[in-house]
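Reader: I would like a close look at one part of this structure. Please take me through the place where the two chains meet.

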Amino acid sequence: MRARLLAHRWHVSVAITVVLGALSWLLRTMAVSVPGLTHTVPAPVLVAFAVVVVTLTPLYASFPELQRTLPGEQRRRTVRAATSVALGLAAALPAWLSAPADPSGPVPPAAPLALVLVAAGLVALVVIGDLAWAVVLVLAVGALIGDGGVNRPVTRALEVVPLPLLSVALLASLLVYATWGPRGSTG
Amino acid sequence: MLPLRLWLRRCSAAYASPVMVLICVWVIHARSGWQYEWDWALSNASTPSLLLAPLLTGLVAHDRARRVGPTVAPLSAAAPRGEAGLLSLAAASWLWTAAAWAVGLAYAAARVLPNGPEGWPNPWVLVEVPVLLALAAVAGLLVGTVLPNRAAGPVAALGLFALTLLARATPANGLFMAGGSTGTLAGLERTPAVAVAVVVAHLTLAAAALLATRAHTRPLGRRPWVRSVAAAGFAVVAITGVFAVNRSHEPYRPVTTAQKCVNGPVTVCGPSNTRPLLARAARDLGTAVTTLEGAELPWQRQYVLARGEKVREIPPDQSVLGLSPEEFTNGRLSTHQVASTLSRPRMCDAYFGGPNLDAAMENQGRVYDWITAQLRSSTPAGAAPQDVQDAFRWVATCEPARKVQ
């Protein structure tokens, strides 16, 4: 059990996620000035980007070619993915629940954006493997600065799609990850 | 050249470059108003560097950590020209990222050219972005070298992004970023001292990162720690330099170039390279003044596009043109811009504070509301009510702003 936890880097991921969760809660009323934006962004939203990247870390392939041959791998993979998502939620929730309603300027709605990021990260793990973090980063920061325009395209798009549909998309991405597993190392 | 060619084909940035192009074009396209002036267009075209730089750092760190194997790395470091192979990774990734940014730049230029811009853009952004990307690439090499595992990519990318936000909140504002203006730069130019300080700081930090990487890959010689100490010293000097320049200079300063005027019912003057903006302002203010002829108010007929402290130097018989191209609708000034400009026929000293500030704002607000209502009405404007006439007289004859000594 200990070996499995270490092999999938749970010890590091959980430790950093706990720190990020605490940081997010401590900075819950803080707004950060971002270059290229006329408004500030709540600090917990920025920390949440890092939380998504960190909580996906245990889901990368640890034994690239051997991974699929391990007994009970598909069941463990499902548990790993669900635990990872739950860990991210646990880290982000205290700050989101206790943060003031709108401490700063307009930013894409945090909860739908986080669901999109996690879902995209899970699918990216299956499709491109090691560089899944880059997909999360591009979508997160891209949404932030792309939404700085007058039309706020990301916010409008996220408002059109209902939250239950995004939750279904997240479940579907979990299923995709559980079925096919992460792509092996690109090294 | 062989390592460079190999890395150009194999580096992760090569696969990511189509996405980078999409990001650049999308982020540039998402904003509006910049397409009427070169300087804001270039600055806006640099906004994607906020994402490109961390992404490049992460990709280089990932490639260095995961794709330069534990056997190859020490061999490369030991070979006479082996280190060039590692540098080629950073150079190839930089080339792909810079090429993606160049496509974004070309898109911005293609949107600006049909509007007939005049003069040449302030070239600093064209230096600042490539240098920032070079720093990002070398920083990625350093992180990938000292953290040779899967965490290198995300740590490097998130680290640089966090540093950018941290620098913005400190006196080192300007470090790890380039361009990204969110408003018009008409009447402003990049302060050369600040631009030079930032470029030199980024180059110095890149040199420090290279030294630190070398100290880690080739811990040879009698004093291998000297390189690490030198790298830290370089970094401190670079950051201190930006601190010092930021204390005495603003990032942008009012331009000192020749003025150009566009005549019509209303004459609008401003820096010569802002002619497309001046022409639009003269046209739309002229139309509004003609529409409001029946108001029997002595409209100001001469406006000047001025920024910063230059606003206080405008003569009493002229006023300042308030311009927000991001609020243009189909290339026309918004009703808000027209009304706020016409309701300020003189640059009053009261606008800059003092006991008359409330009276100035109240009178200007009354005139603004009336002009807005008239411009939105479909019926021709009649004579302005007495209270509007009194308010207009107050703002037109107020104590003019004085230059700060």
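Author: What follows is a walk across the contact between the chains, with a short stop at a helix pair. Keep in mind that this is a predicted model.

Start with the extent of the contact. Chain A contributes 33 residues and chain B contributes 32 residues. The size of an interface is often given as the accessible area lost when the parts come together. Here, about 2,700 Å² is buried between chain B and chain A. Carbon and sulfur atoms give 74% of that area. On the chain B side, three residues stand out: Trp26(B), Leu51(B) and Arg150(B). Together they supply 22% of the area that chain B buries against chain A, more than any other three residues.

Next come the charged pairs. Two salt bridges are counted between chain B and chain A. In one, Arg66(B) pairs with Asp130(A), and their closest N and O atoms are 3.6 Å apart. In another, Asp130(A) meets Arg150(B), at 2.5 Å from N to O. That second pair links two loops across the chains. Asp130(A) sits in the loop between α5 (110-127) and α6 (132-146) of chain A. Arg150(B) sits in the loop between α7 (124-146) and α8 of chain B. Over all chains, the whole structure has 14 salt bridges.

Polar contacts cross the interface too. Five residue pairs are found, both residues at pLDDT 80 or more. Now look at which elements of chain B touch chain A. Those giving two or more residues are α2 (12-30), α4 (49-66) and α8 (152-168) of chain B. The touching side of chain B has 17 nonpolar, nine polar and six charged residues.

Finally, stop inside chain A. Helix α2 (residues 10-26) and helix α3 (residues 43-55) of chain A pack at about 170°, with axes 10 Å apart. Angles over 145 degrees count as roughly antiparallel, so α2(A) and α3(A) are roughly antiparallel to each other. Residues in this contact include Ile16(A) and Leu20(A) from α2(A), and Val47(A) and Val51(A) from α3(A). The contact holds eight nonpolar residues, four polar and no charged.

Methods
Residues numbered from 1 in each chain as written. Chains lettered and ligands numbered in written order. Predicted model: local features only at pLDDT ≥ 70, side-chain atom pairs only at ≥ 80, totals over all residues. Heavy atoms only, no water. Axes fitted to C-alpha atoms, helices over the stretch in contact; angles between N-to-C directions. Helix = DSSP H or I, 4+ residues; strand = E, 2+ residues; numbered from the N terminus. Parallel < 35°, antiparallel > 145°, perpendicular 65-115°, else oblique. Contact = heavy atoms within 4.5 Å. Nonpolar A, V, L, I, M, F, W, Y, C, P; charged D, E, K, R; others polar. Buried area = accessible area lost by both parts, 1.4 Å probe. Salt bridge = Lys/Arg side-chain N within 4 Å of Asp/Glu carboxyl O. Polar contact = N/O pair within 3.5 Å; in protein donor to acceptor, adjacent residues only side chain to side chain.
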